[in-house]
Every structure is written in C-alpha cells, then in structure tokens.
Amino acid sequence: MSPIGSLSNDQILSAYENAVRSRTLDIKVVNAQRQGIIGFHVPSEGQEILQTAIGMLLHKEDIIFGYYRDFSLLMKMGIPVSKILDQMLGNQADIEKGRQMPDHFSFKEYNFSTIQSPVGAHLPLATGAAYALKYRKEEGIVVANFGDGATSTSDFHAAMNFAAVFNLKVLFICENNGWAISLPTKKQTVADIYRKADAYGMPGKRVDGNDLISSLNGISEAMDYVRSGKGPYLIEGVTYRMGAHSTSDDPKKYRVDEITDGSDNDPIRRLEKLMLSMGMINEAQISEIKRRAREEMDAVIEERRKIPKPEPESIFEDLYSEPAWIQEEEKRSIL
Amino acid sequence: MTLKTMVQSLNQTLDVLMAENQNVILLGEDIGKNGGVFRVTEGLQNKYGEGRVLDTPLNELGIVGMGAGMAMYGLRPIVEIQFQDFIFPAFDQIVNQIAKIRYRTGNQFSVPLVIRTPYGGGVRGGLYHSQSGESYFVHTSGLKVVTPSNPYDAKGLLVSSFESGDPVIFLEPKRVYRSIKSEVPEELYRIEIGKAALLKEGSDVTVITYGSMVSTVVDTITKNRVNADVIDLRTLLPMDIDAIISSVKKTGRVVIVHEAPRTLGMGAEISALISERAMDYLLAPIIRVTGPDIPFPYIYEELYLPDERRIMDAISKVKNY
Ligand SMILES: Cc1ncc(C[n+]2csc(CCOP(=O)(O)OP(=O)(O)O)c2C)c(N)n1
Ligand SMILES: [Mg+2]
C-alpha cells in the first residue's frame with residue numbers, strides 16, 4: 001500500500017521540519033568544530049530526505065543499524081538533539097562516556113543499535129539481530145543503513161548472503177551519496193547497486209533519495225515485503241553528498257568540477273518547491289521554520305557544552321561484566 | 001638536503017622508487033586524486049598515471065590480497081591501508097597467505113609486498129583511528145614489522161623494506177607525520193632492517209622504545225638529564241637483540257616504553273628475551289610503561305599515552321630499586 005495517497009499535509013510538513021532541523025544542526029556542529037567545541041563531524045547534508053523517509057516508516061519495535069552519517073534518521077526517530085550533542089561533546093551525560101568519536105552513536109533505548117568506524121562492519125550484526133527476532137518470534141524488522149562505499153566490503157557480501165539464506169527480515173538501505181571520501185560511486189562499483197540484490201536472490205530497488213515521495217514509496221513497498229516475512233530487500237537511495245566527507249576532508253582536491261552549492265540536488269529545496277507549488281506553505285513560514293531551528297540548536301549547544309567531562313576513572317570501566325585485575329591495576333598506576 | 005616532515009619524506013621516497021622501477025604499483029583507498037588522507041601519496045597519480053596509482057574500492061582484504069598476487073607475479077606493489085585500525089579485514093590475507101607463502105611453497109614463491117599504514121593515537125581519533133596493533137603482526141612469523149620514528153629513518157627503512165624481498169608491515173606513527181622535521185637526502189639510502197638505533201648513551205638505565213613514543217622518550221630523558229641509553233628499535237620483527245642485550249649488560253636497569261597495550265605488547269617479549277639472556281646483569285626488575293589494556297578512548301587521550309611523568313616514575317623506580 002502506498003502511503004502517499006494518505007500522506008497528510010502535516011506529515012509532509014513534519015518531514016520538512018525534521019530535515020531543516022537536521023541541516024541546521026549539521027551547520028551549527030561544523031561551526032562548533034571550527035571553534036574547537038566539538039572535535040569532528042560527518043555532515044548528513046544532502047541526505048536528509050531519504051533518512052527522514054526511513055524514520056517516518058519505522059515501527060517502534062524495529063531495530064536500526066545506522067551508520068555515522070544519519071543525523072536526520074536519528075532525529076526522526078525521536079532521539080533528542082540534547083542526547084545527540086552529549087555524544088558529540090563526550091560529556092558526562094553521554095551514555096557512551098565520551099569513548100567514541102562524534103557521530104558514533106548507540107541508543108539502545110530507542111532501538112538504535114551502535115555505530116562503529118570500520119565501514120560495513122555493522123551489516124553482519126544486523127543479520128544476527130534479525131535472526132534473534134525471528135527465533136524469538138518478536139515483532140519488527142531490522143533496518144541497516146550504509147553508504148555506497150560499504151557495498152564493496154566483505155561484510156556487505158556476508159550480510160546480504162546470510163540474510164537471504166536464512167530468510168531474515170532485514171531491509172538493507174544503501175544511502176548512495178555519490179562518494180566514498182574521494183572515490184565516486186562509478187569507481188566503487190561498475191554495477192548498479194540495487195541490482196546487486198539479484199546476486200543474493202532478493203529484490204532490489206532504486207529510489208530517488210532526494211525526493212520524499214519516491215523515497216517513501218520505495219521504502220514502504222520494501223518494508224511491506226520484509227515485514228510479511230518474504231525475506232530481505234535492498235533499497236538504493238540515490239542522494240548527494242553536498243559537502244565534504246567530514247570536517248577533516250578537503251573535497252577541492254578531488255571534486256573540482258563537481259562542487260556546486262548543491263542547489264540542483266538539494267532535497268530540502270526540492271521539498272520546499274513542492275510545498276510552495278501545492279500552496280502548503282509560504283516563504284514567510286519557511287523562514288520561520290528555519291529561524292526556529294537555528295534558535296533551538298543554538299540553545300541546545302549552549303546548554304550541553306556546559307556539562308563537564310566524564311570522570312577519568314570511567315575509561316577503565318565496561319571492558320567486562322566484572323572488572324578484571326589488569327584494568328584495576330592500570331587505573332591505579334595511571335591516575 | 002632539505003628539512004622534511006615524515007609525510008614529505010615518505011612521499012619523496014615513493015616517488016623515487018616509482019621513477020626507478022616501472023613495476024612499482026601503489027594501491028589504496030583515496031591515494032590517487034586525493035593523495036591519501038594524510039597526503040603521503042600526493043601528486044603521484046598525476047605523475048605516474050592511474051595504472052600505477054590505484055584508487056581501490058573500499059575493501060582492505062582486496063587491497064592486500066591483490067597486492068600479494070601482484071607481488072607473487074613480478075610486480076612490486078606498495079599498498080596503503082588508510083588507518084591501521086582498518087587492516088583487520090585483511091588479517092586473513094596477511095596471516096594465512098602472505099606470511100606463509102614462501103614457507104608453504106618451499107621457496108618457490110615470495111611476496112615482496114610493503115603494507116604501509118598509519119598507526120597510534122594522539123590525533124583525537126577515538127577507538128578506530130588510534131590503535132597500535134603491532135603485536136598482532138609481530139606474532140606472525142614470515143612477516144617483517146618496521147616502524148620509523150622520524151623522517152630520516154622513514155626513508156631509509158622504506159627503501160630497505162621495499163628491497164627486502166619479504167612482506168613488510170610498515171607502521172607509520174601518525175602523530176609524528178608532521179610534528180618533527182629532519183634533514184632527508186634526496187637520493188635513496190638504506191637503514192638495515194633488524195638494526196636498532198642508539199639515540200642516547202648513558203650508563204644508569206636502558207630505555208627501549210620505538211615509533212610514536214621515541215620523541216616523547218628522548219625529550220623526557222634530555223629534559224630530566226637522565227644518564228640513559230635510549231634504544232629506538234626501528235624494526236620490531238626481527239628485533240635487534242644484540243643492541244638490547246649489550247646495553248642491558250652495561251646498565252643493568254631497563255624501562256620499556258610503548259603506546260600499545262601492556263598485555264602481550266612488545267615489552268613482554270623484550271622482558272622475556274632479557275631475562276633469558278642477561279638475568280645475571282639485572283639490578284632491578286624490568287618496568288614497562290605502556291598504554292593501558294583498554295580501547296583507545298576519544299576523550300582522555302592524554303591519560304592513555306605514556307608521558308613524561310609515567311616514564312620518569314619508572315626510571316626512578318628502577319634506579320632506586
Ligand atoms: C573498513 C574501513 N576502511 C576505511 C575506512 C575509512 N573511511 C571512512 S568513511 C570512508 C568512505 C565511506 O564511504 P560510504 O560508504 O560511501 O559512506 P559515506 O561516507 O559516503 O556516507 C572510508 C574509506 C573505514 N572507516 N573503514
Ligand atoms: Mg558514499
């Protein structure tokens with residue numbers, strides 16, 4: 001069933017607001033990085049609509065294995081910006097206790113699993129989680145997000161194959177943003193990404209990830225398929241990385257002709273145009289939404305950056321269920 | 001001669017090796033157009049073309065495995081793994097293929113492959129851009145493991161690694177990539193694999209270290225006027241046992257400093273070798289100053305990394321024993 005017929009103006013507006021808040025947070029965090037407040041960031045700019053669409057279609061019990069560039073998804077899942085920032089600042093309120101680089105979130109409470117740096121390494125875990133759901137006859141599916149670069153990893157191959165062989169409820173969503181750092185997707189793989197599904201015996205579909213309706217249509221069809229127990233599914237969402245790979249990257253080195261202001265590929269502008277043409281919104285309301293987002297993000301950053309660091313002893317915790325003598329001894333000798 | 005950073009020194013060395021030998025091929029992620037995320041391969045694709053500087057898909061197993069196949073069949077690949085933390089998908093290729101190929105084929109084949117990779121912490125890289133995994137490789141016979149501590153050694157060791165005829169894990173301390181400069185001659189020169197450097201001479205204590213910790217150790221020893229032998233191992237496999245033992249026989253006191261975790265780190269092997277060969281000369285227990293046995297945390301890097309205070313504590317312990 002396509003959700004579009006039943007998509008209300010409020011839902012479209014709330015998708016738009018989510019994307020704008022995510023974009024605003026990206027911009028504010030990059031500024032904070034330049035000022036030394038936050039150490040590093042991988043912006044999601046350009047991928048907001050695809051991620052928002054995924055978030056809109058999730059059920060509460062679904063388990064998400066996202067990756068490091070998923071701001072809009074986290075926000076659409078209802079994870080508070082304050083918690084996102086606590087992780088990025090590595091402060092005392094960060095549930096990961098400041099151990100991971102910014103953007104490497106773990107929110108078990110929200111069914112958002114855990115992000116690692118090694119590309120693709122979460123994909124086999126997603127199949128294990130799906131088997132657990134199946135074995136324990138629990139509701140929900142597993143959604144695994146990853147970049148175009150990740151499709152080259154051995155982990156991707158293993159996960160796709162296992163998910164199909166064991167007929168698991170995994171929805172694989174490739175956020176193809178055209179780049180893996182400096183490597184354009186056409187040098188990453190000669191094949192169409194969505195067609196890789198064929199090789200594993202599952203359906204694959206490409207959606208325009210910069211378009212809300214196309215994304216919602218494709219993903220909801222895939223989710224229906226996976227939820228019904230027919231097996232895994234691969235979605236390729238074609239998006240666009242509007243900026244640098246990360247705050248450590250200088251895209252001018254490899255993207256000379258490509259770099260634009262992103263206007264043609266900017267999914268937020270596209271949605272704005274659609275809403276304007278439908279008379280759902282006017283320019284003044286757009287400015288107001290953006291202003292509110294800026295105010296919100298400024299206020300949260302100001303608030304969260306005041307929270308002190310975790311205690312130094314905390315770096316020696318959580319290796320095992322019970323502390324071992326090795327870390328206890330090292331803690332005494334180092335602190 | 002010009003002053004160069006380690007990045008510049010490595011870049012210039014690769015350039016000369018490629019110019020002199022048509023069979024030298026570079027492979028890695030983002031090493032071509034982008035010149036590598038640390039810029040070690042900057043300009044080389046422009047100069048030598050896409051057929052000799054390959055931007056690969058994102059798969060370390062593929063990079064190392066393809067490099068090994070090239071090496072077995074007449075080419076001279078030098079591959080880059082973007083961060084040592086991401087080498088583990090290639091671990092099977094390294095341990096089960098390249099380290100064993102000469103042995104299992106009765107010397108019919110060899111794998112003259114250099115695997116360059118930045119390692120170590122101190123750049124706010126968190127769990128996955130900071131690890132010092134040398135022990136995993138040093139535990140694998142058939143490999144050589146090398147780590148330069150300065151721009152001059154980086155060149156000499158890279159040339160020797162390239163010429164060694166065996167697979168070499170070439171660990172580049174990323175914290176030192178741009179932090180120190182040294183005089184680096186333009187022409188190729190060699191630093192023998194398996195030979196340590198005695199950076200300072202003294203009679204009270206032997207401090208053994210390598211790679212990323214060398215400059216911290218030297219600064220500490222100099223600043224505190226410790227009368228110490230400072231040994232920079234330079235090669236971790238095979239280690240320069242003679243340099244270690246002759247110094248220990250002179251000083252009788254040993255401190256080992258490395259950034260990698262303590263348990264089964266290089267310090268464990270060095271201590272065992274010393275106790276087997278020079279027990280009678282020891283005047284104090286051997287002390288290790290190392291990273292703790294925890295993942296490298298994003299915050300509190302400064303607690304993880306051995307520093308002046310911890311090194312001096314260890315030195316005074318062995319001196320006052
Ligand atoms: C196994 C591994 N190799 C290399 C890296 C370094 N690295 C970080 S992100 C990245 C590119 C990933 O591209 P893609 O999967 O398309 O995701 P995107 O960043 O474009 O969202 C690379 C090579 C890594 N993190 N993990
Ligand atoms: Mg990408």
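Start by selecting A:G149 and ligand 1: in this predicted model, a backbone N or O atom of A:G149 lies 2.8 Å from an oxygen atom of the ligand. Keep ligand 1 on screen and add A:V119. A polar backbone atom of A:V119 is 2.9 Å from a nitrogen atom of ligand 1. Next add A:N177, where the contact comes from the side chain: one of its N or O atoms is 2.9 Å from an oxygen atom of ligand 1. How much of ligand 1 does the protein cover? On its own, ligand 1 has 570 Å² of accessible area, and the protein covers 96% of this.

Now show both chains, since ligand 1 lies between chains A and B. Select the residues around the ligand. There are 20 of them, and those that come nearest are A:Y67, A:Y68, A:R69, A:W179 and B:E60. In that group, B:E60 belongs to chain B.

Keep A:N177 and A:W179 selected and move to ligand 2, a magnesium ion. Which residues coordinate the magnesium ion? They are A:D148 through OD, A:N177 through OD1 and A:W179 through O, at 2.0 to 2.2 Å. A:N177 therefore appears twice on this tour, once with its side chain in contact with ligand 1 and once as a donor to the magnesium ion. Along the chain, the donors follow the spacing D-x28-N-x1-W. To see where two of them sit, colour chain A by secondary structure. A:D148 is in the loop between β4 (142-147) and α6 (154-165), and A:N177 is in the loop between β5 (170-176) and β6 (179-180), so the pair ties together parts that are 29 residues apart in sequence.

Are these two residues buried or exposed? A:D148 has 1% relative accessibility and so counts as buried, the cut-off being under 20%. A:N177, at 3%, also counts as buried.

Leave the ligands and select chain B. Its strands β3, β2, β4, β5, β7, β6 and β12 form, in that order, an open sheet of seven strands with mixed pairing. At the edges are β3 (53-55) and β12 (235-237), each of which pairs on one side only. Neighbouring strands of the sheet are turned by 20° against each other on average, direction ignored.

For a last stop, zoom in on β6 (residues 144-146) and β7 (residues 168-173) of chain B. These two strands pair in the parallel sense over three bridges. To find one bridge, select B:V145, whose partner in β7 is B:I169.

Technical notes
Residues are numbered from 1 along each chain as its sequence is written. Chains are lettered from A and ligands numbered from 1 in the order in which they are written. This is a predicted model: local features need pLDDT of at least 70, side-chain atom pairs count only at pLDDT 80 or more; totals for chains, interfaces and linings use all residues. Side-chain values use heavy atoms; hydrogens and water are left out. Two strands pair if DSSP finds at least two bridges between them. Helices (H or I, at least four residues) and strands (E, at least two) are DSSP runs, numbered from the N terminus. Axes are lines fitted to C-alpha atoms, for helices over the stretch in contact, and angles run from 0 to 180 degrees between N-to-C directions. Donors are N, O and S atoms within 2.8 Å of the metal (3.2 Å for Na, K and Ca); water is not among the atoms, so sites may look incomplete. Buried means under 20% relative accessible area, exposed over 50%, partly exposed in between (1.4 Å probe, protein chains only). A residue is near a molecule or strand if one of its heavy atoms lies within 4 Å of it. A polar contact is a pair of N or O atoms within 3.5 Å; within protein, one must be able to donate a hydrogen and the other to accept it, and residues adjacent in sequence count only if both atoms are side-chain atoms. Accessible areas come from the Shrake-Rupley method with a 1.4 Å probe; for residues, only the protein chains shown count as cover.
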